[in-house]
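Reader: Hi! Have you got a moment to go through this one with me?
Author: Happy to, let's put it up and take it piece by piece.

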Amino acid sequence: MIHQTRRFYIPAFLAILLVCALSALWKAPELRPPLSTDKLAGCPGIVLWAWERPEDLQYLDPNRAGVAFLACTVHMRGVDVIPRPRLQPLKLPPAAYRIAVVRIESDRLSPPALSSRQLKAVSRAIIEVARSPFVRAVQVDFDAKQGERKFYRALLYDIHRQLPPAVGLSLTALASWCTGDCWLAGLPVDEVVPMLFRMGADREHVLVQLQSGRGFAPTPGLVAVGVATDEPETGEALASSSTGILDRIRRIYVFSPKRWSAEAVTATLAEVQQWQQRL
Amino acid sequence: MAAKTLKPSIAISLLTVLLLQALPALSCGPFLDYAIFVNQIHPDVPLSRFVSGEIGLIQPTYARSYLFVAYRYLCGKPLNKDEQAGVLSLLDKRLSNSEGYQNLSPGAWLDARKAVPGIGQPPEVNLYRTVEGPDYYSSYLNCYPEALSNAASTLNERIKKFGLSSQAVKDWVAAQDLVFCHCAGPRYNWQEKKAETEPPFPQPAPSGADPLTRADRAYQIASAHFYAGQFDLAEREFTTIAADNDSPWKEIAPYLVARTLVRKGTLGKELDRSALVLAEKQLNGMLTSGSPTRFQPACRELLKLVRFWLYPDEMLNELSKALLGRQSADDLASSLYDYTLIWDRTVGDTRSAWPTGEQHKPGALSESARQSGDLTDWISTFQSSGDLAFKHAFARWESTHALPWLIAALTLSAPTDQLSGKLLEEARKVQPLSAGYLTVWYHASRLLSQSGKQDEARKKLDQILANKSMPMPPSARNALMAQRACLARNVNEFLQYSVRRPALITTDSDGNELPDNYDVATQSKAFPATKPGFDDRTTLIVNQKLPLSLLKQIATSNLLSGDLKRDVVQAVWVRAVLIGNDTVAGELTAALKGVAPPLVPFLNLYQKAESRADKLFAAVHMILANPGMRPFVSEGVGRHTVMSKIDDYQDNWWCAGALPGGPLAEDSRGQERKVDYPAFLSAQERTQAQDENKRLLAIGTAPNFLARQVVAWATEHRQDARVPEALSLAVKATRFGCSDSTTTQLSKQAFQLLHKNYPASPWAKRTKYWY
């Protein structure tokens with residue numbers, strides 16, 4: 001929260017208004033129609049990630065949780081783009097809210113060229129997974145290093161332009177992108193999902209943010225967070241945060257490092273709902 | 001056109017795409033450097049050193065492909081150069097993210113097709129087919145690139161026979177386009193909101209057509225049904241072709257019958273074992289028939305796949321035997337790939353960075369699978385935990401006296417095990433040149449120290465660590481040093497073994513413990529050179545368990561140098577100031593000046609200050625001007641930004657939670673991080689450390705503490721020229737440092753005091769907001 005003495009207030013306010021207006025005008029051509037409607041409105045407050053392994057979630061109550069399943073992994077190697085769709089079966093209840101996740105990976109031996117041709121190819125692969133009567137949203141998942149950010153920003157704009165209007169666009173994000181390193185600002189996405197697990201050296205910083213109530217920096221459409229079943233303390237930190245950080249969070253994604261089982265799902269739903277009730 | 005000739009690799013590819021379980025490719029991770037002192041998932045990079053026999057300290061958490069390599073060396077069957085190359089190529093593929101990603105392109109077919117005039121643009125060919133319904137989702141590689149290149153070859157042959165512009169060729173291409181349309185299957189039409197229908201199938205050739213054209217068309221129709229997933233129909237059609245003596249496809253058709261049955265058996269929602277049994281019968285029939293065909297290698301690979309599904313335990317047994325014999329590079333890589341794939345499918349993938357332990361429970365493999373071969377039994381036991389596993393390992397060692405089993409038994413042994421004495425006796429016989437020497441002595445030292453024989457453990461560890469001629473990967477050295485540090489008899493000894501060079505500095509963005517420049521690192525022959533630092537355990541001991549008197553000894557020790565020394569000296573100095581020990585702070589001031597020259601002007605003022613309050617303000621002012629100063633040392637690579645600069649990732653002016661006893665000081669990467677007091681501490685020193693920690697914890701969040709001190713000093717010392725700057729910095733700290741619900745009030749107080757008392761100062765002009 002920024003505070004100011006009264007004598008600075010009016011000119012600064014007018015200046016901010018002017019900057020906002022100019023900024024809006026400047027960015028207008030990049031954006032598709034305003035993200036005024038919540039395209040993920042029908043999505044339950046809990047979403048289970050179903051990663052690439054055989055998963056049977058038929059027992060899931062679709063009113064309690066949705067499923068974000070890894071639908072495709074796009075591998076970028078040198079100048080090539082190699083999409084590989086999900087090769088493991090996924091079973092789920094017919095009415096489950098379904099989000100197709102596309103993970104983008106870079107080859108370590110032949111780092112990607114990040115060319116415009118690659119951008120188009122990656123974009124095409126992502127649009128392809130949305131070509132389904134059952135997929136309500138697409139979630140894009142990548143680990144962008146500093147030098148790759150320009151590519152990924154352009155990619156998200158390209159995807160956004162091509163997605164059918166009814167399909168939501170979700171983006172996973174490193175927690176640090178939403179705390180100190182806010183390069184996501186202005187992106188045309190319906191949801192950003194900071195991943196509050198496997199944070200490595202960032203973990204301490206992020207937990208400090210959560211516990212101190214600083215919360216996340218403004219990001220486009222921030223309404224969700226991601227946690228993991230084997231790091232329950234992060235959820236606890238969320239639930240016990242002193243200020244209104246969680247007020248804006250409508251959805252919690254849960255990752256399991258192991259194959260889901262009915263028991264694990266029941267326990268997870270109960271725990272997450274407990275956190276949510278404490279909001 | 002379905003495959004005309006198949007290389008053996010195709011079946012492996014089929015295995016790959018059908019059975020591949022991807023790495024748990026996690027999306028999350030920091031992009032800040034992170035120090036790993038002991039790799040847990042795999043040996044140190046470059047892996048060529050491990051594969052060539054420098055196996056170091058073997059961890060049960062290693063992926064099984066590494067445990068296989070270790071086993072070969074431990075049981076005296078080292079990999080030869082060719083085998084090393086085969087294993088390395090597999091490991092490189094896995095670690096470079098390349099595994100399972102083939103550049104599949106219909107290019108060869110499209111190029112050949114282009115040569116034919118008057119046939120229009122080709123339809124799009126997508127080789128994967130997705131099967132999706134309201135309750136189901138999966139995909140598979142439907143059309144193999146080889147099928148497309150074989151179609152190109154066939155087209156060229158037909159051009160030669162019928163002529164480039166002949167109607168026969170045009171009809172053949174049109175039919176083939178209809179075959180490949182079924183690779184991807186019907187798409188979903190967004191505009192009309194409905195799935196398109198399955199594309200049309202080729203029609204039978206006219207009755208008066210050339211016999212070759214008729215045979216080709218029958219084959220195209222069967223192939224189209226195969227790709228469209230109409231397996232019963234395709235099976236009948238390929239069976240008919242197999243019986244047609246005039247068809248050029250007669251030879252391959254029986255093989256395609258088997259492939260059709262395999263797909264029928266594996267691509268449904270449930271495994272259809274009866275179809276797989278039929279496929280097995282078909283393939284065995286082809287392989288044992290009196291007239292071998294050129295498709296026999298492909299048949300053997302497909303049979304492997306079928307048996308993979310039907311009899312995984314037997315396959316595991318066969319592969320484990322194959323892995324212990326001599327093989328070519330490709331064959332060894334292929335066997336190891338299949339072997340570990342069966343393991344992963346059966347008990348889970350241990351390449352996860354966060355092993356839960358559950359995957360390592362004994363019995364995860366079926367008993368028959370585990371006992372099917374010594375390699376499998378050893379890996380299973382080595383990755384297990386608990387008394388049952390130990391007893392099994394001990395029994396195996398007793399009956400074999402083999403080094404792998406000694407290591408398994410030692411690893412699983414607790415000092416309370418009555419049998420551990422026997423193991424220690426055996427450990428003493430292991431020679432330094434043995435591949436298992438470091439692993440044996442890592443665990444033997446643990447047992448010795450836990451059973452009261454610390455002197456022997458110390459002596460042995462010192463002997464090993466002093467041996468410069470012994471190949472010792474950084475992870476092994478660090479693990480042994482950590483063990484030796486636990487046996488330290490005084491703070492100097494503790495420090496001697498606590499300053500370690502990380503095995504790896506990485507952003508570890510996917511938790512796979514790999515260097516960011518893997519492409520370069522894997523080509524190197526040397527392990528990466530890293531700067532010394534403290535690992536997580538050492539950091540916790542230094543920050544939480546040592547009294548100031550010992551911390552001062554550490555800060556002034558000549559065992560420290562560079563960034564680590566600067567971090568330690570500043571931490572001890574700040575701690576001394578905060579807990580009111582001006583004596584220690586004074587004694588360390590010269591050292592701090594030496595390691596951090598930019599602090600000299602501040603420290604001169606600190607030294608000149610006469611009263612306790614004056615000294616504290618001088619210190620507070622310096623800390624405010626240096627957001628990286630804090631009363632604790634940093635783990636690994638330390639703070640990512642120089643001490644005097646604001647860190648972009650909020651690592652400025654400490655948080656209450658990061659102080660000794662605070663919640664953030666106890667956890668990292670989701671793991672419990674609690675340590676005991678070092679044994680060398682006296683009771684008085686423990687009490688002293690506890691008391692100092694309490695006082696430090698009471699200081700709380702830095703920006704709040706600092707702002708309070710500055711506001712109090714500013715109120716009493718309005719004329720002090722340092723005050724405007726200190727007030728401005730106090731406000732800045734409330735923005736960029738840690739905060740809580742009281743921060744805003746303190747920020748406002750400092751802000752208002754600055755603007756009220758020093759409105760014309762540059763610091764007031766620079767400070768436009770409170771936070």
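Reader: Through how many residues does the hairpin join S2(B) to S3(B)?
Author: Through two residues. Do keep in mind as we talk that this is a predicted model.

Reader: Noted! In which sense do those strands pair, and over how many bridges?
Author: S2(B), residues 128-133, and S3(B), residues 136-141, pair in the antiparallel sense over six bridges. One residue to click on is Arg129(B), whose bridge partner in S3(B) is Tyr140(B).

Reader: What is the strand order in the open sheet?
Author: The order is S2(A)-S5(A)-S3(B)-S2(B), four strands with mixed pairing, so to speak, drawn from chains A and B.

Reader: Which strands are at the edges?
Author: The edge strands are S2 of chain A, residues 55-56, and S2 of chain B, and each of them pairs on one side only.

Reader: And how do S2(A) and S5(A) run, parallel or antiparallel?
Author: They run parallel, with two bridges joining S2(A) to S5(A), residues 90-91. Glu55(A) stands opposite Leu90(A) of S5(A).

Reader: Nice. Changing topic: what does the domain assignment give for chain B?
Author: It gives domain 1 as 24-96 + 338-521, domain 2 as 103-276 and domain 3 as 536-766.

Reader: How many residues are in contact between domain 1 and domain 3 of chain B?
Author: On the domain 1 side there are 18 residues, in contact with 15 residues of domain 3 of chain B. The centres of these two domains, taken over C-alpha atoms, are separated by 40 Å.

Reader: Which elements of domain 1 supply that side?
Author: Strand S1 (34-36), helix H22 (474-486) and helix H23 (491-498) of chain B each supply at least two residues of the side that touches domain 3. The largest share is from H23(B), with six residues.

Reader: How does that side divide by class?
Author: The side of domain 1 of chain B that touches domain 3 has 12 nonpolar, four polar and two charged residues.

Reader: Let's look at helices. At what angle do H32(B) and H34(B) pack?
Author: H32(B), residues 702-716, and H34(B), residues 743-757, pack at about 30 degrees, with their axes 9 Å apart. Angles under 35 degrees count as roughly parallel, and H32(B) and H34(B) are therefore roughly parallel to each other. Their crossing is left-handed.

Reader: Which residues make the contact?
Author: From H32(B) they include Pro703(B), Ala707(B), Val710(B) and Ala714(B), and from H34(B) they include Leu746(B), Ala750(B) and Leu753(B). By class, the residues of this contact are eight nonpolar, four polar and one charged.

Reader: H32(B) also meets H30(B). How do their axes cross?
Author: The axes of H30(B), residues 612-625, and H32(B) come within 10 Å and cross at roughly 130 degrees. That angle is why H30(B) and H32(B) are described as oblique to each other. H30(B) passes H32(B) in a left-handed crossing.

Reader: Which residues meet there?
Author: Leu616(B), Phe617(B), Val620(B), Ile623(B) and Leu624(B) in H30(B) meet Leu706(B), Gln709(B), Val710(B) and Trp713(B) in H32(B). The contact has eight nonpolar residues, one polar and no charged.

Reader: What about H28(B) and H29(B), how do they pack?
Author: H28(B), residues 582-595, packs with H29(B), residues 600-608, at an angle of about 165 degrees, and the axes are 10 Å apart. Angles over 145 degrees count as roughly antiparallel, and these two helices are therefore roughly antiparallel to each other. The crossing of H28(B) and H29(B) is left-handed.

Reader: And the residues in contact?
Author: Thr589(B), Leu592(B) and Lys593(B) of H28(B) make the contact with Val600(B), Leu603(B), Tyr606(B) and Gln607(B) of H29(B). They divide into four nonpolar, two polar and one charged.

Reader: Last topic, backbone geometry. Where is Pro46(B)?
Author: Pro46(B) is in the loop between S1 and helix H2 (47-51) of chain B. The peptide bond from Val45(B) to Pro46(B) is cis, with omega near 10 degrees.

Reader: And what is phi of Leu114(A)?
Author: Phi of Leu114(A) is near 60 degrees, a positive value in a residue other than glycine. Most residues other than glycine have a negative phi. Leu114(A) is found in the loop between strand S6 (98-106) and helix H2 (116-129) of chain A.

How values were computed: Residues are numbered from 1 along each chain as its sequence is written. Chains are lettered from A and ligands numbered from 1 in the order in which they are written. This is a predicted model: local features need pLDDT of at least 70, side-chain atom pairs count only at pLDDT 80 or more; totals for chains, interfaces and linings use all residues. Two strands pair if DSSP finds at least two bridges between them. Axes are lines fitted to C-alpha atoms, for helices over the stretch in contact, and angles run from 0 to 180 degrees between N-to-C directions. Angles under 35 degrees count as roughly parallel, over 145 as roughly antiparallel, 65 to 115 as roughly perpendicular and the rest as oblique. A crossing is left-handed if the near helix is turned anticlockwise from the far one by less than a right angle, and right-handed if clockwise. Two residues are in contact if their C-beta atoms, placed from the backbone, lie within 7 Å. Ala, Val, Leu, Ile, Met, Phe, Trp, Tyr, Cys and Pro count as nonpolar, Asp, Glu, Lys and Arg as charged, and the others, Gly among them, as polar. Domain bounds come from an automatic or database domain assignment.
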